[in-house]
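Open the structure in your viewer and keep the selection box handy. We will go from stop to stop, picking a piece and looking at what is there.

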Amino acid sequence: MQKQVLAIHDISCVGRCSLTVALPVISAAGIMTSVLPTAVLSTHTGGFTGYTYRDLTADMLPIADHWQTLADNLPPFNAIYTGYLGSYEQLDIVAELAKRFKTDDTLLIVDPVMADNGKLYAGFSEDFPQAMAKLCQQADVITPNITEALFMLEKPYNPGPYTEDYIKQLSKELAEMCKSDKSDKNDKSDKKTTKVVLTGVYFDENGDYGASAYNSADGKGAFMLGERVPGYYHGTGDLFASVLTAALVQGCQLGESAKIATEFTLESIQRTYNAQTDIKYGVNFEDGLKNLAAIIKANKPA
């Protein structure tokens with residue numbers, strides 16, 4: 001049976017990020033992709049001014065209500081994948097959606113999009129990271145960047161370079177954070193495992209750049225780094241998490257999935273850098289989509 005993912009993100013009509021990345025990437029991997037938009041923007045918010053914004057919070061649960069009337073025909077989701085969630089209410093709605101649609105075979109993948117370069121994005125209050133951390137307690141996989149990880153752990157910002165031990169310890173603490181609330185009488189947190197994929201990892205100021213992957217089930221970690229490309233590129237976190245989601249849903253192991261996501265993202269950045277196009281429109285991932293399904297298939301277990 002064809003796999004299915006529910007992607008819960010905003011839509012930026014111009015600029016490659018959120019659903020305009022998640023939908024084509026996951027679909028290109030041969031996965032049926034259903035979407036639940038959280039907002040509609042005329043453009044993304046990085047590098048553009050005067051953009052329009054339409055909040056769709058009030059529509060999210062009615063959409064889910066309608067889906068539940070289609071229970072006989074709506075295939076089960078193999079993954080629920082969240083990106084930018086702009087309010088406490090949306091965090092609560094995602095938690096509710098997980099209760100409704102998550103099965104034992106469904107991955108909840110949370111990309112806690114809220115900060116970068118040591119600062120929260122505009123519109124987020126200082127206590128929002130702790131609310132996001134609570135949502136992460138329900139997740140099977142989380143994909144924060146270093147800034148987001150440190151905010152959720154209430155640690156001071158560290159701009160790097162990092163050491164392998166620092167990244168491993170950070171990953172372990174995030175996995176521990178993701179265990180269920182100890183006040184829950186039905187708590188099974190001691191048995192809960194979480195896969196932590198950190199982005200923005202580097203060990204040398206001018207060296208390679210990429211991600212790390214840690215599985216609390218076995219305590220093993222790995223690093224996936226590639227050649228750094230000059231510049232700052234919008235939407236690459238969304239691209240990375242979308243490729244990672246596609247690979248995991250298609251059965252690739254965590255390390256292989258993170259490796260595929262790192263390489264695909266870096267190749268897209270390099271392609272954009274070589275073309276010298278306006279980076280505020282995001283990176284050219286589209287020219288790599290024709291190969292993505294084959295790459296994922298080649299890395300699936302036999």
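Select β10 to begin: this strand is mostly covered, with six of its seven residues buried. Buried here means under 20% relative accessible area, while exposed means over 50% and partly exposed lies in between (1.4 Å probe, protein chains only). Helices (H or I, at least four residues) and strands (E, at least two) are DSSP runs, numbered from the N terminus. You are looking at a predicted model, in which local features need pLDDT of at least 70 and side-chain atom pairs count only at pLDDT 80 or more, while totals for chains, interfaces and linings use all residues. Residues are numbered from 1 along each chain as its sequence is written, and side-chain values use heavy atoms, leaving out hydrogens and water.

**Stop 1: the partners of β10**

Now add β11, residues 220-226. β10 and β11 pair in the antiparallel sense over seven bridges; two strands count as paired if DSSP finds at least two bridges between them. To see one position of this pairing, select Ala 211 and look opposite to Met 224 in β11. Then move to the hairpin of β10 and β11, which has four residues between the strands, and click Gly 219: its phi is positive, near 70°.

Next, select β9. Six bridges join β9 to β10 (residues 209-215), and these two strands run antiparallel. Two pairs to label are Val 201 with its bridge partner Gly 210 in β10, and Lys 195 with Asn 215, also in β10. β9 is mostly covered too, with six of its seven residues buried.

Which strand runs parallel to β9? Select residues 141-142: this is β8, joined to β9 by two bridges. Lys 195 turns up again here, as the bridge partner of Val 141.

**Stop 2: the core**

Show side chains for Ile 8, Met 132, Leu 174 and Leu 198. These have the most contacts inside the largest nonpolar core, which has 45 residues. A nonpolar core is a set of buried Ala, Val, Leu, Ile, Met, Phe, Trp, Tyr and Cys residues joined through side-chain atoms within 4.5 Å. Several elements each supply at least two residues of this core, including β1 (4-14), α2 (57-68), α6 (164-177) and β9 (195-201). The largest share, seven residues, comes from α3.

Zoom in on Leu 174. Setting aside residues up to four places away in sequence, Leu 174 touches Ile 142, Pro 144, Ala 149, Met 152, Leu 153, Val 196 and Leu 198, where a contact means heavy atoms within 4.5 Å. Apart from this core lies another, of 41 residues; among them are Met 224, Tyr 233, Leu 244 and Ile 296.

**Stop 3: helix α3**

Select α3. Its buried residues include Leu 91, Ile 93, Val 94, Leu 97 and Phe 101. How far apart are its end C-alpha atoms? They are 20 Å apart, which agrees with the 20 Å that its 14 residues should span at 1.5 Å a residue; the expected span is 1.5 Å times one less than the number of residues.

**Stop 4: charged pairs**

Side chains of opposite charge can pair when their charged atoms come close. A salt bridge is a side-chain nitrogen of Lys or Arg within 4 Å of a carboxyl oxygen of Asp or Glu, and by this rule the count comes to eight.

Stay on α3 and select Arg 100 and Glu 96. They form a salt bridge, with the closest N and O atoms 3.0 Å apart. Both lie in α3, four residues apart, about one turn of the helix. Arg 100 is partly exposed at 25% relative accessible area, and Glu 96 is partly exposed at 29%.

Next, select Lys 102 and Asp 140, whose side chains meet in a salt bridge (3.2 Å, N to O). This pair links distant parts of the chain, 38 residues apart: Lys 102 is in the loop between α3 and β5, and Asp 140 in the loop between α4 and β8.

**Last stop: two cysteines**

Select Cys 136 and Cys 178. Are they buried or exposed? Cys 136 is buried, with a relative accessible area of 0%, and Cys 178 is also buried at 0%. A disulfide is a pair of cysteine sulfur atoms within 2.5 Å, and the structure holds zero disulfides. The sulfur of Cys 136 is 5.1 Å from that of Cys 178, its closest cysteine sulfur, which is too far for a bond.
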